[in-house]
Amino acid sequence: YQRLKAKKMKNNLQFDFIVDKEKNTLSIVREFNAERQLVWDCYTKQELLDQWFAPKPFTTKTKSMDFSNGGHWHYAMVDPEGTEYWGYTEYHDINPIDYYRTMDAFCDSEAKINEDLPRAKWLVAFNDKGKNSTVTTVVTYDSLNDLETITNMGMEEGMIATLEKLDELLATLKK
């Protein structure tokens, strides 16, 4: 069973959100109105990630980040009341401006992994699309239950809102 959603965002950029319940994956393809190097920088530099990596009205704060093979990003999404939702990303297999892989988890402010919530492997790939670029993200879960837990938590809506914040940031960064 597979559900395919292909949409054009309000700015007419490609957005596909595909849930594959046989492979326990989410595949997200998103086009950006910016060149690939700039989009790569927004995904891999703390000062840029902190400006977009959370759906409105959340903000992002980084506790520590080392974007290198074996490095990590320990961050929180913060709601308007100040409640922090912590995440921990381990970086692997970095191939600059082409792709990187991560292991992603929910954690606490001390980076202790929350074993009650699903962990996931992410492959984030960057490609040129004319003057624009696309980011293809494939998120693999250990089980169908883990996949459904995340989709039921609002992953699709969260990704839409988060990537719209990236559109806004890119518009301010383009020369």
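Biologist: How many of the 10 residues of strand S9 are buried, and what does that say about its surroundings?

Modeller: The structure shown above is a predicted model. A residue is called buried when its relative accessible area is under 20%. In S9, 7 of the 10 residues are buried, so this strand is largely enclosed by the rest of the structure.

Biologist: Which strands pair with S9, and in what sense do they run?

Modeller: Pairing is read from the bridges between strands, and at least two are required. Strand S3, residues 25-32, runs antiparallel to S9 and is joined to it by 8 bridges. One such bridge sets Phe-32 against Ser-133 of S9. Strand S8 also pairs with S9 in the antiparallel sense, here over 10 bridges. In that pairing, Val-139 of S9 has Trp-122 standing opposite.

Biologist: How many residues lie between the strands in the hairpin of S8 and S9, and which residue there takes a positive phi?

Modeller: The hairpin has 2 residues between its strands, and Gly-130 is the residue with a positive phi, near 65°.

Biologist: Let us apply the idea of burial to a helix. Is helix H1 mostly covered or mostly uncovered?

Modeller: The reading is the same as for a strand: one counts the residues under the 20% cut-off. H1 spans residues 36-44 and is mostly covered, with 8 of its 9 residues buried. Among the buried residues are Leu-38, Val-39 and Trp-40, and also the charged residues Arg-36 and Asp-41.

Biologist: What is found at the start of H1?

Modeller: There, Glu-35 places a side-chain oxygen within 3.2 Å of the backbone nitrogen of Gln-37.

Biologist: How much space lies in the largest pocket, and which residues are closest to its centre?

Modeller: One may read a pocket by its volume, then by its lining. The largest pocket holds about 850 Å³ of space. Its lining consists of 35 residues, and those closest to the centre are Phe-53, Tyr-75, Met-77, Asp-104 and Met-155. By class, 26 of the lining residues are nonpolar, 7 are polar and 2 are charged.

Biologist: Which helices and strands each supply at least two residues of that lining?

Modeller: The helices are H2 (46-52) and H4 (155-173). The strands are S5 (72-78), S6 (84-95), S7 (99-107), S8 (120-129) and S9 (132-141). S9, already described as largely enclosed, is thus also a contributor to the pocket lining.

Biologist: With which side chain does Thr-89 make a polar contact?

Modeller: The partner is the side chain of Asp-104, at 2.6 Å. Asp-104 was named above among the residues closest to the centre of the largest pocket. Thr-89 is found in strand S6 and counts as buried, at 5% relative accessibility.

Biologist: I now turn to charged residues. How many salt bridges are there in total?

Modeller: Side chains of opposite charge can pair when their charged atoms come close. The count in this model comes to 11 salt bridges. One of them joins Glu-168 to Lys-56, with the closest N and O atoms 3.1 Å apart. Glu-168 belongs to helix H4 and Lys-56 to the loop between H2 and strand S4, so the pair ties together parts that are 112 residues apart in sequence. Glu-168 is partly exposed, at 40% relative accessible area, whereas Lys-56 counts as exposed, at 52%.

Biologist: Which residue forms a salt bridge with Lys-61?

Modeller: Glu-84 does, and the closest N and O atoms are 2.5 Å apart. The pair links distant parts of the chain, for Lys-61 is in strand S4 and Glu-84 in strand S6, 23 residues apart. Both count as partly exposed: Lys-61 has a relative accessibility of 35% and Glu-84 one of 34%.

Biologist: Where does Arg-119 lie, and which residue forms a salt bridge with it?

Modeller: Arg-119 lies in the loop between S7 and S8. Its salt-bridge partner is Glu-90, the closest N and O atoms being 3.4 Å apart. Glu-90 is in strand S6, and the two residues are 29 residues apart. Glu-90 is partly exposed at 25%, as is Arg-119 at 23%. The C-alpha atom of Arg-119 is also 7.1 Å from that of Met-103, although these residues are 16 apart along the chain.

Biologist: Which residues are linked in a network of salt bridges?

Modeller: Arg-36, Asp-98 and Asp-128 form such a network. Arg-36 is also one of the buried residues of H1.

Note on methods
Residues numbered from 1 in each chain as written. Predicted model: local features only at pLDDT ≥ 70, side-chain atom pairs only at ≥ 80, totals over all residues. Heavy atoms only, no water. Buried < 20%, exposed > 50% of the residue type's maximum accessible area, 1.4 Å probe, protein only. Helix = DSSP H or I, 4+ residues; strand = E, 2+ residues; numbered from the N terminus. Polar contact = N/O pair within 3.5 Å; in protein donor to acceptor, adjacent residues only side chain to side chain. 1 Å grid on protein atoms, 1.4 Å probe; cavity = no way out; pocket = protein on both sides within 12 Å on 5 of 7 lines; lining within 4 Å. Points joined across faces, edges and corners; volume = space filled by probe spheres on them. Salt bridge = Lys/Arg side-chain N within 4 Å of Asp/Glu carboxyl O.
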